[in-house]
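Visitor: Please take a close look at one small part of this model, and then connect that part to its surroundings in one continuous account. I would like every cut-off stated where the term is used.

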Amino acid sequence: MLRARAIPVARVAVSGTRRVGLASYSTNLGVPSSSTTTTTTTTRGMSTTTSGSESLYEFGQRHVTNGLGRITQGIMTKGEGSYVFYDDGRKMLDFTCGIGVTNLGHVNHRVSTAAAEQCMKIVHAQCSIAMHEPYLRLIERLLPIMPDPSLDSFFFWNSGSEAVEAAIKMSRVITGKQNIICMQGAYHGRTFGAMAVTKSKTIYSKGVAPLMPGVFSIPYPFWHQLRLPPTTPTATLVSLCLYQLDLVLSQQSAPSDTAAILVEPVLGEGGYVPAPAEFLQGLRTLCDKHGILLIIDEVQSGFGRTGRYFSITESGVRPDILTIAKGLGNGFPISGVVSRKELTDKLTPGTLGGTYAGNAVSCAAAVAVADVMREEKILDNVQARSKELFASLKSLQSDSTVGRFILDVRGRGLMVGVEFAAPPGPEREHDVAVQEGVPKDMATRIAKKCIEKGMLILTTSVYEVIRFIPPLNVSAEDMKKGTKIFEEAVREVVKEG
Ligand SMILES: Cc1ncc(COP(=O)(O)O)c(C=O)c1O
């Protein structure tokens, strides 16, 4: 009964979209043209519960846990390329990619086809029962693009958090040491180990203690964290942070107790800040000196997001353990923990595993992702669109009306952050980003306006930062459209004050 209703409702929604004036997008999105459609409904197709007594959205509001936050209202029914559709007819340009996941666009034909074909062969070839082909084909695809040839031993799981859990566990078992040093502003997930090394916002662990012990943190080379201006030379930021690391290793966590240093090469939830190469190289040197493992978390920055397969390659630094997820499956849940055989041979069989770990359908999808990335030269598109995005944002930053509110435009490839100034306030007494006469909550208000104008976009960090995470295969036309919406939103918020 439920299935019988659900399908026509989605069709009506698309039809409704066309009827409210978005027909110009129908061709490139594959939506039936008006001459071929047979649906003549004049409703906008909002879904109702099977009893029809209330909207499905209201039903969701009552029954979906309050622990989940959400940036839009309504029900998302369809995705196609750089766009998503809602059941009330809204069509939105998606510059969130479901938080950096649908990098090849929604319902990428080759990826979905590979998954569908795998569905008809075997769905659950459990990894502790047997090996399966998509798992091994995926390793074949990943080996040549690893940031270092030493990374040759793979374990696939479902989510980024799980990959981080596995990396922590492996580093402790392999080194026989306990402590983990992570970064201020880092985000590694919401499970218990990952939550303990997450330092981007208190909301993730507030009221949940005791957290996993043995965790220490140092500042990330981000001007804001160090209370320095955005113009601070890289060398200064790097030396301040590496000095803090020296202090942690001499005052809090002896090298002989320290299993790993965990770092995102581009801080994600902490504000979209690329780490300078010198910082990552400094971490590598210290790890080598003290027999500490270097865990590089590329869950968000990996798989082409920054214009390279892995952001860490820019620094030439070799990870001991690499965590990957998100874009790897383009929406099919899969994560990976990659290390060197010499290290993983120290693990006892059975130490790693999980009912759904390395699911065959997700692995088949990931193989297709790797093929599309290579064959369709996606990295070239990232470079081209990145130039356009930076040019547009930098031009806004030098604008005589709104430019003074934009403190920083930063990032790599299509992982780009724009940081705005903030007005003085009790919680910002020591904040270097504070300026008199600046509108309140700029990032949140701009993101909200973008959504009203038809583009999904996210904020990030405890600062006023908007993050751009468009699809890696976004067209020049859609990039232009997105930056235009953003510019309008910025101008309106500045005008409103
Ligand atoms: C760098 C990083 N690590 C780990 C995670 C956790 O991944 P997941 O949400 O798949 O558990 C995220 C998620 O945003 C992330 O950005």
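Guide: In strand β10, the residue that serves as bridge partner of Leu262 is Ile295. What you see is a predicted model, in which local features need pLDDT of at least 70 and side-chain atom pairs count only at pLDDT 80 or more, while totals for chains, interfaces and linings use all residues. Residues are numbered from 1 along each chain as its sequence is written.

Leu262 and Ile295 belong to a parallel pairing of strand β7 (residues 258-263) with strand β10 (residues 293-297), which extends over 4 bridges; two strands pair if DSSP finds at least two bridges between them. Helices (H or I, at least four residues) and strands (E, at least two) are DSSP runs, numbered from the N terminus.

Both β7 and β10 sit in an open sheet of 7 strands with mixed pairing, ordered β4-β12-β11-β10-β7-β5-β6. Its edge strands are β4 (153-157) and β6 (215-218), each of which pairs on one side only. With direction ignored, neighbouring strands of this sheet are turned by 20° against each other on average; axes here are lines fitted to C-alpha atoms, for helices over the stretch in contact, and angles run from 0 to 180 degrees between N-to-C directions.

A second open sheet has 4 strands in the order β1-β2-β3-β15, again with mixed pairing. Its edges are β1 (76-80) and β15 (455-456), and because each has a single partner strand, one side of each is left without a neighbour in the sheet. Within it, β2 (residues 83-86) and β3 (residues 91-94) pair in the antiparallel sense over 3 bridges, and Val84 stands opposite Met92 in β3.

The ligand is surrounded by 14 residues, the closest being Gly160, Ser161, Gly189, Val299 and Gln300, where a residue is near a molecule or strand if its C-beta atom, placed from the backbone, lies within 6 Å of it. Helix α7 (residues 160-175) gives the most to this shell, with 3 residues. By class, the shell holds 5 nonpolar, 7 polar and 2 charged residues, with Ala, Val, Leu, Ile, Met, Phe, Trp, Tyr, Cys and Pro counted as nonpolar, Asp, Glu, Lys and Arg as charged, and the others, Gly among them, as polar.

Turning to helix packing, the axes of α5 (residues 109-119) and α12 (residues 360-375) come within 8 Å and cross at roughly 150°, which makes α5 roughly antiparallel to α12; angles under 35 degrees count as roughly parallel, over 145 as roughly antiparallel, 65 to 115 as roughly perpendicular and the rest as oblique. The contact of α5 with α12 has 12 nonpolar, 1 polar and 1 charged residues.

The axes of α14 (residues 442-452) and α15 (residues 476-496) come within 9 Å and cross at roughly 130°, and α14 and α15 are therefore oblique to each other. Here Met442, Arg445, Ile446, Lys449 and Cys450 in α14 meet Ile485, Phe486, Ala489, Val490, Glu492 and Val493 in α15, contact meaning that the C-beta atoms of two residues, placed from the backbone, lie within 7 Å. This contact has 8 nonpolar, no polar and 3 charged residues.

Helix α15 also meets α13 (residues 378-397), the two axes coming within 10 Å and crossing at roughly 20°, so α13 and α15 are roughly parallel to each other. Among the residues of this contact are Leu389 in α13 and Val490 in α15.
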